[in-house]
Amino acid sequence: MPSKPAENTSGTKRIAVIPGDGIGVEVTREALKVLKAATSGGPGKLEFTEFDWGADRYLRDGTTLPEGAVEMLRRDFDAILFGAVGDPRVPQNKHAADILLGLRTRLDLYVNLRPV
């Protein structure tokens, strides 16, 4: 059974941000603006940490999910904001499959929620 994130007593929710590729980067950028605006002045705080896991990183150094990434996400974050992935420069979109399916499988996720 996956372990839960370390207890966060500050009230701050830690969000890992994986912008993805192409339109994913653009949509994620705007989603972050909305989240920041929606939570400003409220009692809860959101803290965002962005990761460069996508096609550009894969093409640069062959990394899809770095070693220890899943464990770090599970341990240190309350949620993941994950943009769209897929890039025609990557054969068979290997990076997208490794990242998306790797996270779903290893974090035991069963829902791919796409908010409107």
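These legends walk through five close-up views of one predicted protein model.

Residues are numbered from 1 along each chain as its sequence is written, and side-chain values use heavy atoms, with hydrogens and water left out. Because this is a predicted model, local features need pLDDT of at least 70 and side-chain atom pairs count only at pLDDT 80 or more, while totals for chains, interfaces and linings use all residues.

**View 1. The whole protein has four helices and three strands.** Helices (H or I, at least four residues) and strands (E, at least two) are DSSP runs, numbered from the N terminus. Follow the sequence along and you will meet the pattern β-α-β-α-α-β-α. Of the 116 residues, 32% are buried; buried means under 20% relative accessible area, exposed over 50%, and partly exposed in between (1.4 Å probe, protein chains only). The protein exposes about 7,700 Å², with carbon and sulfur atoms supplying 56% of it. Such areas come from the Shrake-Rupley method with a 1.4 Å probe, and for residues only the protein chains shown count as cover. Contact means heavy atoms within 4.5 Å; among contacts between residues at least 6 apart in sequence, 76% join residues at least 24 apart.

**View 2. Phe51, Trp53 and Phe77 form one aromatic cluster.** A pair of aromatic rings is described by the distance of the centres and the angle of the planes. Here, rings of Phe, Tyr and Trp (its six-membered ring) pair if their centres lie within 6.5 Å; planes under 30 degrees apart count as stacked, over 60 as edge-to-face and the rest as tilted. A search of the whole structure finds two aromatic pairs. Phe51 and Trp53 are stacked, at 4.6 Å centre to centre with 25° between the planes. Why is the pair of Phe51 and Phe77 called edge-to-face? The ring centres of Phe51 and Phe77 are 5.8 Å apart and their planes stand at 80°, so the pair earns that name. Phe51 lies in the loop between strand S2 (45-50) and helix H2 (55-61), and Phe77 in the loop between helix H3 (69-76) and strand S3 (79-82), so the pair ties together parts that are 26 residues apart in sequence. Phe51 and Phe77 are both buried, and Trp53 is buried too, with a relative accessible area of 4%.

**View 3. The second largest pocket holds about 150 Å³ of space.** On a 1 Å grid over the protein atoms alone, a pocket is an open set of points where a 1.4 Å probe fits, with protein on both sides within 12 Å along at least five of seven lines; lining residues have an atom within 4 Å of a point. Among the 15 lining residues, the closest to the pocket centre are Gly20, Val25, Asp52, Gly54 and Asp56. H2 gives the most to this lining, with four residues.

**View 4. Helix H3 has buried residues, among them Ala69, Val70 and Met72.** Leu73 and Arg74 of H3 are buried as well. What covers these residues? Their cover includes strand S1 (12-18), S3 and helix H4 (94-106).

**View 5. Leu100 sits in helix H4 and Thr12 in strand S1.** Leu100 counts as partly exposed, at 23% relative accessibility. Leu100 and Leu65 are 35 residues apart in sequence and 9.5 Å apart in space, C-alpha to C-alpha. Thr12 counts as buried, at 17% relative accessibility. Leaving aside neighbours within four places in sequence, Thr12 is in contact with Lys45, Leu46, Glu47 and Asp78.

Technical notes:
Points joined across faces, edges and corners; volume = space filled by probe spheres on them.
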